[in-house]
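Q: I would like to learn to read this model feature by feature. Could we start with how well a side chain is covered?

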Amino acid sequence: MRAAVLHEIGQDKLEVLDDIEAAGFGPGKVRIRVRATGLCHSDLSAMNGVLPQPAPFVPGHEGAGEVLEVGEGVSRVRPGDRVVVCWLPACGACPACKRGQTELCLAGFMNAATPNFRRTAGGSADLYGFAGTGTFAEEVVVDAGCAVPIPDDVPFDIAALIGCGVTTGLGAALNTADMAAGSSVAVIGCGGVGMSVIQGARLRGAAEIVAVDPVASRRDAALRFGATRAVAPDGLPDAKQQVTGGEGFDHVFEVVGKSATARTAYENTRRGGTLVVVGAGALDDFLQLNMFELFFDEKRILPSLYGGGDVLRSYERTIALWRAGRIDLAGLITHRVPLAGINEALEQMRTGTALRTCIEI
């Protein structure tokens with residue numbers, strides 16, 4: 001089968017090979033035929049070493065498809081079922097799961113250290129799947145908990161977005177932020193996840209939503225998704241003055257994953273307000289705060305991992321909102337490419353021309 005492979009961390013292009021097979025099928029496993037997958041910025045971060053990931057590996061973690069085969073002991077899905085790939089499944093038994101913080105379960109992270117692909121030509125060689133999945137492939141073998149059934153009326157491309165970006169962004173606004181109706185909001189970074197934050201803030205009844213992004217096309221799109229105004233980064237001080245009288249926003253979402261933008265987000269949060277950190281950053285990128293401001297300003301700093309709530313419930317909620325026309329998911333897909341065009345998709349992400357590129361497999 002075909003899969004897109006990164007041979008070494010730091011390379012900026014993937015090689016699409018046809019001598020790959022999905023490995024590791026057995027008890028408790030599910031084999032999935034991937035039909036659509038989104039390109040998330042976390043894939044780029046894994047490729048360039050910002051996020052830790054063994055190599056060589058197959059990127060991709062935002063996917064959907066249909067079940068081809070189930071291993072012994074698997075009862076939740078059957079061959080032919082449509083599923084979304086969940087890259088952070090909950091085990092249900094660890095302390096985090098028992099506390100109801102299933103997004104903090106570490107069981108899924110353990111999968112990332114186990115190869116789930118193999119090259120068949122020129123001698124057998126193991127490959128990893130990003131985040132234990134690797135959806136830039138025609139097939140993938142994952143733990144049963146990673147294969148979440150979806151209704152037949154949800155298209156594969158929409159389901160793929162629900163698998164990561166939409167769940168992350170909506171959840172940050174709906175689960176993490178504890179936002180009151182009438183709040184003022186700023187969203188720094190308006191790719192696919194940032195647009196989902198904007199939609200979540202709109203659902204929560206935010207009165208003002210300021211979208212901040214250096215790319216003009218993304219600012220224009222943010223207005224369509226519910227932002228009340230959109231500015232380039234150098235326009236944020238004026239927006240802060242106009243919207244909040246200089247006090248700062250009730251909620252600021254950092255959706256870039258860099259200390260510089262997190263610091264900007266902190267400085268634009270009002271005293272007593274909330275900074276929600278959504279972007280995934282590097283291990284060696286440190287956010288600096290002095291102890292006086294941390295005490296005196298009483299700003300809450302809330303990280304939001306994968307939407308900060310129960311992932312399965314979040315999937316169900318997202319599908320219900322989509323069916324009711326309360327959120328726009330199709331509009332997030334601005335580009336489509338086949339698997340052979342994966343490097344074109346990477347460039348679209350790097351330049352900011354795409355919100356989400358759907359790779360059709």
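**Reading the model**

A: Take Arg31: at 17% relative accessibility, this residue counts as buried. The classes are buried (under 20% relative accessible area), exposed (over 50%) and partly exposed (in between), with a 1.4 Å probe and protein chains only. The model is predicted: local features need pLDDT of at least 70, side-chain atom pairs count only at pLDDT 80 or more, and totals for chains, interfaces and linings use all residues. Residues are numbered from 1 along each chain as its sequence is written, and side-chain values use heavy atoms, without hydrogens and water.

Q: Which residue meets Arg31 in a salt bridge?
A: A salt bridge needs a side-chain nitrogen of Lys or Arg within 4 Å of a carboxyl oxygen of Asp or Glu. Here Glu69 meets Arg31, at 3.2 Å from N to O. The partners are 38 residues apart, with Glu69 in strand S6 and Arg31 in strand S4. Strands (E, at least two residues) and helices (H or I, at least four) are DSSP runs, numbered from the N terminus. Glu69 is partly exposed, at 32%. A salt-bridge network links Arg31, Glu69 and Glu139.

Q: How many salt bridges does the structure hold?
A: It holds 17. One of them joins Arg2 to Glu138, with the closest N and O atoms 3.0 Å apart. That pair spans 136 residues: Arg2 precedes strand S1 (3-5), and Glu138 lies in the loop between S9 and S10. Arg2 is partly exposed at 29%, while Glu138 is buried at 17%.

Q: What does S4 pair with?
A: Two strands pair if DSSP finds at least two bridges between them. S4 runs antiparallel to S10 over five bridges, to S6 (residues 62-70) over eight, and to S19 (residues 356-360) over three. Use these positions as markers: Lys29 stands opposite Asp143 in S10, Ala36 opposite Ala64 in S6, and Thr37 opposite Ile359 in S19. S4 (residues 29-38) is mostly covered, with eight of its 10 residues buried.

Q: How many aromatic pairs are there?
A: A pair of rings is described by the distance of the centres and the angle of the planes. Rings of Phe, Tyr and Trp (its six-membered ring) pair if their centres lie within 6.5 Å; planes under 30 degrees apart are stacked, over 60 edge-to-face, the rest tilted. A search of the whole structure finds three pairs. Phe57 and Phe130 have centres 6.2 Å apart and planes at 50 degrees, so this pair is tilted. Phe57 sits in strand S5 and Phe130 in the loop between S9 and S10, 73 residues apart. Phe57 is buried at 0%, and Phe130 is buried at 7%. Phe292 and Phe296 have centres 5.1 Å apart and planes at 15 degrees, so they are stacked. They are four residues apart in helix H10 (residues 291-296), about one helical turn. Phe292 is exposed at 55%, and Phe296 is partly exposed at 40%.

Q: Which charged residue lies over the face of Phe296?
A: The test asks for NZ of Lys or CZ of Arg within 6 Å of the ring centre and within 35 degrees of the ring normal. Arg271 lies over Phe296, at 4.2 Å from the ring centre. Likewise, the charged end of Arg82 sits over the ring of Phe156, 4.1 Å from its centre.
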